[in-house]
Amino acid sequence: MNIKPLGDRVVIKKLEAEEKTKSGIVLPTQAKEQPQMAEVVAVGPGGMVDGKEVKMEVKVGDRVIFSKYAGTEVKYDGVEYTILRQSDILAVVE
């Protein structure tokens, strides 16, 4: 991974959306809901943000749930990533 986030930012890769409902109905591409679960692929160093020290609580490999409209989407080497602030991550899935 050559993307190195700065400050309290995190790079995530969204996990694939479900293609079938629980009852087995196959969803067309446009009907799929955008996933809000992702895997952390890079983490910034933390440090001072807005005058407060920020300690990074997520690490590479964590599966996380993030805010629906958070971050900036980027494409690198043909793969789509999202760069967002740690505060936009709502939970770590264990």
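Let's start with one pair of residues: Thr-72 has Ile-83, in β7, as its bridge partner. This is a predicted model, by the way. Zoom out a little from that pair and you'll see β6 and strand β7 (residues 79-85) running antiparallel to each other, joined over five bridges. As a reminder, strands in a sheet pair up through backbone hydrogen bonds, in either a parallel or an antiparallel way.

Now for the whole sheet. It's an open one with six strands, and if you walk across it you meet them in the order β6-β7-β1-β2-β5-β8, with antiparallel pairing. The walk begins and ends at the edges: β6 (72-76) and β8 each have a single partner strand, so one side of each has no neighbour in the sheet. The strands aren't lined up perfectly either, since neighbours are turned by 40 degrees against each other on average, ignoring direction.

Let's stay with the β8 edge for a moment. This strand covers residues 89-93, and Val-93 sits in it. Is Val-93 tucked away? Not quite: its relative accessible area is 33%, so it counts as partly exposed. Val-93 also teams up with Ile-65 and Leu-90 in a nonpolar patch on the surface, and together the three have about 230 Å² of accessible area.

Last stop is the loop between β4 (52-54) and β5 (63-66), where you'll find Asp-62. Though it's a loop residue, Asp-62 counts as buried, because its relative accessibility is 11% and the cut-off for buried is under 20%. Its side chain has company, too: one of its polar atoms lies 3.0 Å from the backbone nitrogen of Lys-59.

Conventions. Residues numbered from 1 in each chain as written. Predicted model: local features only at pLDDT ≥ 70, side-chain atom pairs only at ≥ 80, totals over all residues. Heavy atoms only, no water. Patch = residues over 30% accessible without salt bridge, like charges linked within 9 Å, V, L, I, M, F, W, Y side chains within 5 Å. Areas by Shrake-Rupley, 256 points an atom, 1.4 Å probe, with all protein chains shown as cover. Salt bridge = Lys/Arg side-chain N within 4 Å of Asp/Glu carboxyl O. Helix = DSSP H or I, 4+ residues; strand = E, 2+ residues; numbered from the N terminus. Buried < 20%, exposed > 50% of the residue type's maximum accessible area, 1.4 Å probe, protein only. Pairing = 2+ DSSP bridges. Axes fitted to C-alpha atoms, helices over the stretch in contact; angles between N-to-C directions. Polar contact = N/O pair within 3.5 Å; in protein donor to acceptor, adjacent residues only side chain to side chain.
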